[in-house]
Every structure is written in structure tokens, then in C-alpha cells.
Amino acid sequence: KFIRPFIILILFVVIHSLVANFLPYPFNLINIFVVLFMAEVYLRRDSQVGVFLAMGFLLDIFSVNLFGVNIISIFFAYIMMEWLLKNFLSNSHFYTVFLAAGLSVFWFRLVYLLIIFSYNFFTAAANFFNVQLLIDWLWEGLMTALFSTLIYLLFFRLSRVVNPAYIFFKR
């Protein structure tokens with residue numbers, strides 16, 4: 001029981017690193033964790049906050065950022081996205097997936113930015129924020145939302161069409 005989640009955890013961290021390092025410019029900004037958030041919520045499994053915190057921990061270990069920034073950002077993005085999907089965006093249409101993925105990247109980057117700004121304020125470190133960073137974050141939101149929507153349309157909608165059990169046994 002313990003080995004399988006650990007292997008999946010390592011697999012997604014490796015996939016995230018491969019996407020970030022080997023794909024060309026706009027596509028390397030796809031946030032694999034947000035895509036995994038969306039799949040976890042739409043599969044209607046129990047809350048997997050611990051798995052996402054472990055992923056954030058592994059991401060923090062191999063990152064050049066301050067330790068803990070990714071963990072806190074992933075945690076708040078996951079909580080906000082799950083809350084939005086369960087309370088406001090409750091229907092399962094592709095535009096809901098697109099909006100939820102974009103909003104979760106927004107929450108992830110907002111918490112990330114607030115932590116970095118507060119660190120820079122209290123330590124008088126150099127400011128890293130510029131227009132190119134904002135453009136990269138907008139591309140990240142767009143690419144992640146498009147990729148999440150594509151995954152949703154391919155796997156979740158197509159599996160209902162192809163699966164004959166869906167006609168006889170509704171979930």
C-alpha cells in the first residue's frame with residue numbers, strides 16, 4: 001500500500017521536471033501539479049492533500065527557490081481549487097475545467113508571489129519581479145488550463161462514450 005503512492009509521487013515529480021526542462025518555451029510552463037489536481041478532483045477520490053504536500057516537498061528539494069514556498073503554494077492552490085470546484089464550479093463541462101485550472105495556477109502564483117515579496121521585504125533582498133515574469137506566469141496559466149481541458153476531454157469524456165457500461169450503470 002505504501003510503495004504504489006510513493007512511486008506515483010516520484011513519477012509525477014519526474015514528469016514535472018521533464019516538462020519544465022525539455023519542452024520548448026510556451027509548453028514548458030505547463031504545471032503538472034495543477035493537471036494532477038484536476039484529475040484527482042474529477043475522479044472523485046478522497047482528498048489527497050498529503051500526496052500534494054509530499055510532491056511540493058520533493059519539488060522544494062530540487063528547486064532553487066526558498067524552501068517551503070512550493071509546499072505552501074501548492075497547499076493553498078489545492079485547497080482553493082477544491083473549494084471552488086465543490087461549491088461554485090460544480091458542473092463537469094470543459095469550460096469549468098479550463099476556468100478551474102487557470103484559477104488554481106493564479107492562486108498558486110499569488111501565494112508564491114506573496115511569500116517571495118514578504119521574504120524580500122524583511123531581508124532587503126533584490127526584487128526579482130519584472131514584466132517577463134508576469135508574461136511567463138500568464139503563459140503558464142493558459143498552457144496549464146488548455147492542457148487540463150485537453151486531458152479532461154480525451155480521458156473523461158471519451159471514456160464515457162467508449163465505455164458501454166456507462167449506458168447501463170450511471171455513476
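**View 1. The lining of the largest cavity in this predicted model.** Here's who surrounds the space: Val35, Met38, Ala39, Val97, Ser148, Ile151, Tyr152 and Phe156. Two elements, helix 2 and helix 6, each give two or more residues to this lining. Helix 6 chips in the most, with 4 residues. Sort the lining by class and you get 7 nonpolar residues, 1 polar and no charged ones. As for the space itself, the cavity holds about 40 Å³. A search of the whole structure turns up 1 cavity of 30 Å³ or more.

**View 2. The largest pocket, with a volume of about 610 Å³.** There are 23 lining residues here, and those closest to the pocket's centre are His16, Ala20, Ser63, Asn65 and Arg109. Helix 1, helix 5 and helix 6 are the elements that supply two or more residues to the lining. The largest share belongs to helix 1, which brings 5 residues. The mix by class is 12 nonpolar, 8 polar and 3 charged residues.

**View 3. The salt bridge between arginine 109 and glutamate 140.** Side chains of opposite charge can pair when their charged atoms come close. In this view, the side chains of arginine 109 and glutamate 140 meet at 2.8 Å, N to O. Arginine 109 sits in helix 5 and glutamate 140 in helix 6, so the pair ties together parts that are 31 residues apart in sequence. Are the two partners buried or exposed? Arginine 109 is buried, with a relative accessible area of 19%, and the cut-off for buried is under 20%. Glutamate 140 is buried too, with a relative accessible area of 4%. Searching the whole structure gives 1 salt bridge. If Arg109 rings a bell, that's from View 2: Arg109 is also among the lining residues closest to the centre of the largest pocket.

**View 4. The largest nonpolar core, a set of 25 residues.** Which members touch the most others? Those are Phe33, Phe37, Met38, Phe52, Met55, Ile74 and Leu85. The elements giving two or more residues to this core are helix 1 (3-22), helix 2 (32-42), helix 3 (49-61), helix 4 (69-87), helix 5 (94-123) and helix 6 (131-162). Apart from this core lies another one, of 6 residues, including Val69, Leu113, Leu133 and Trp137. Met38 shows up in View 1 as well, in the lining of the largest cavity.

**View 5. Helix 3, end to end and inside out.** Helix 3 has 13 residues and reaches 18 Å from its first C-alpha to its last, close to the 18 Å expected at 1.5 Å a residue. Its buried residues are Val49, Phe52, Met55, Gly56, Leu58, Leu59 and Asp60. Phe52 and Met55 should look familiar from View 4, where both are listed with the core members that touch the most others.

**View 6. Stepping back to the chain and its 7 helices.** Secondary structure comes to 7 helices and 0 strands. Follow the sequence along and the pattern reads α-α-α-α-α-α-α. How much of the chain is buried? Buried residues account for 36% of the 171 residues.

Notes: Residues numbered from 1 in each chain as written. Predicted model: local features only at pLDDT ≥ 70, side-chain atom pairs only at ≥ 80, totals over all residues. Heavy atoms only, no water. Core = buried A, V, L, I, M, F, W, Y, C linked by side-chain atoms within 4.5 Å. Buried < 20%, exposed > 50% of the residue type's maximum accessible area, 1.4 Å probe, protein only. 1 Å grid on protein atoms, 1.4 Å probe; cavity = no way out; pocket = protein on both sides within 12 Å on 5 of 7 lines; lining within 4 Å. Points joined across faces, edges and corners; volume = space filled by probe spheres on them. Nonpolar A, V, L, I, M, F, W, Y, C, P; charged D, E, K, R; others polar. Salt bridge = Lys/Arg side-chain N within 4 Å of Asp/Glu carboxyl O. Expected span 1.5 Å × (residues − 1).
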